[in-house]
Amino acid sequence: MIGPTTDQIAVFLAVVDQGSFIAAARSLRRAQSAVTYAIKRLEEQLGLVLFDRTEYRAVLTDAGRALVPSARRIADGILALRT
C-alpha cells in the first residue's frame with residue numbers, strides 16, 4: 001500500500017487552514033472536486049474519516065484533529081528541505 005503523498009498532506013492542511021473544501025480549492029487554485037478527491041484518497045489510505053461532512057461545512061473528526069500536528073511536521077520538514 002502506498003502511503004499519503006506530500007500533495008495530499010498539503011491539501012489536507014489547506015482544508016484545515018481555510019475552513020472548507022471550497023476555500024482550500026481556491027487557495028490551491030484547483031477544482032473543488034480535485035480537493036475532495038485528494039481528501040477521499042487520503043482517508044482511504046489511512047483507513048480513517050478525517051472530516052465529518054454531514055453538516056454544511058466539513059468539520060474535523062477526532063482522527064482528523066489528531067492528524068493535524070503530524071501533517072504540519074511533515075509539511076514543515078518538506079519546506080525545510082526545499083530551502
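Which residues does Ser27 touch, not counting residues up to four places away in sequence? The first legend answers this, and the legends after it turn to other parts of this predicted model.

**Figure 1. Surroundings of Ser27 in helix H2.** Ser27 touches Ala14 and Gln18, with residues up to four places away in sequence not counted. Ser27 belongs to helix H2 and has a relative accessibility of 38%. Ser27 therefore counts as partly exposed, since that value lies between the 20% limit for buried and the 50% limit for exposed residues. From Ser27 to Val15 the C-alpha to C-alpha separation is 9.4 Å, and the two residues are 12 apart in sequence.

**Figure 2. Crossing of helices H1 and H3.** Helix H1 comprises residues 6-18 and helix H3 residues 32-46; their axes come within 9 Å of one another and cross at roughly 115°. Helix H1 is therefore roughly perpendicular to H3. The crossing of these two helices is left-handed. On the H1 side, the residues that meet H3 are Gln8, Val11, Phe12 and Val15; their counterparts in H3 are Val35, Ala38, Ile39, Arg41, Leu42 and Gln45. Sorted by class, this contact of H1 with H3 consists of 7 nonpolar, 2 polar and 1 charged residues.

**Figure 3. Gln8, a buried residue of helix H1.** Gln8 lies in helix H1. The relative accessible area of Gln8 is 6%, so this residue counts as buried, the limit being under 20%. When residues up to four places away in sequence are not counted, Gln8 touches Gly3, Ala38, Arg41, Leu42 and Gln45. Gln8 also appears among the residues of H1 that meet H3.

**Figure 4. Crossing of helices H2 and H3.** The axes of H2 and H3 come within 8 Å, with a crossing angle of roughly 110°. This angle makes H2 roughly perpendicular to H3. Helix H2 contributes Phe21, Ile22, Ala24, Ala25 and Leu28 to the contact, and helix H3 contributes Gln32, Val35, Thr36 and Ile39. The contact of H2 with H3 divides into 7 nonpolar and 2 polar residues, with no charged residue. The buried residues of H2 are Phe21, Ala23, Ala24 and Ala25. These buried residues pack against H1, H3 and strand E1 (51-52).

**Figure 5. Arg29 in the loop between H2 and H3.** Arg29 occurs just after H2 and takes a positive phi of about 55°. Arg29 has this positive phi although it is not a glycine. The relative accessibility of Arg29 is 79%, so the residue counts as exposed, for which the limit is over 50%.

**Figure 6. The largest nonpolar core.** This core holds 19 residues, of which Phe12, Val15, Phe21, Val35, Ile39, Leu50 and Phe51 touch the most other members. Helices H1, H2 (21-28), H3 and H4 (62-82) are the elements that give two or more residues to the core. Helix H1 supplies the largest share, 6 residues.

**Figure 7. Contacts of Phe51.** Phe51 is one of the core residues that touch the most other members. Apart from residues up to four places away in sequence, Phe51 touches Phe12, Val15, Val16, Phe21, Ile39, Glu43, Ala58, Val59, Leu60 and Thr61. Among these contacts, Phe12, Val15, Phe21 and Ile39 are likewise listed with Phe51 as core residues that touch the most other members.

**Figure 8. Thr61 and Asp62.** Thr61 is located in the loop between strand E2 (59-60) and H4. With a relative accessible area of 17%, Thr61 is buried, because the value falls under 20%. Setting aside neighbours within four places in sequence, Thr61 is in contact with Val49, Leu50, Phe51 and Asp52. Asp62, in contrast, belongs to helix H4 and counts as exposed at 58% relative accessibility. The C-alpha atoms of Asp62 and Phe12 are separated by 14 Å, and these residues are 50 apart along the chain.

Note on methods
Residues are numbered from 1 along each chain as its sequence is written. This is a predicted model: local features need pLDDT of at least 70, side-chain atom pairs count only at pLDDT 80 or more; totals for chains, interfaces and linings use all residues. Side-chain values use heavy atoms; hydrogens and water are left out. Axes are lines fitted to C-alpha atoms, for helices over the stretch in contact, and angles run from 0 to 180 degrees between N-to-C directions. Helices (H or I, at least four residues) and strands (E, at least two) are DSSP runs, numbered from the N terminus. Angles under 35 degrees count as roughly parallel, over 145 as roughly antiparallel, 65 to 115 as roughly perpendicular and the rest as oblique. A crossing is left-handed if the near helix is turned anticlockwise from the far one by less than a right angle, and right-handed if clockwise. Contact means heavy atoms within 4.5 Å. Ala, Val, Leu, Ile, Met, Phe, Trp, Tyr, Cys and Pro count as nonpolar, Asp, Glu, Lys and Arg as charged, and the others, Gly among them, as polar. A nonpolar core is a set of buried Ala, Val, Leu, Ile, Met, Phe, Trp, Tyr and Cys residues joined through side-chain atoms within 4.5 Å. Buried means under 20% relative accessible area, exposed over 50%, partly exposed in between (1.4 Å probe, protein chains only).
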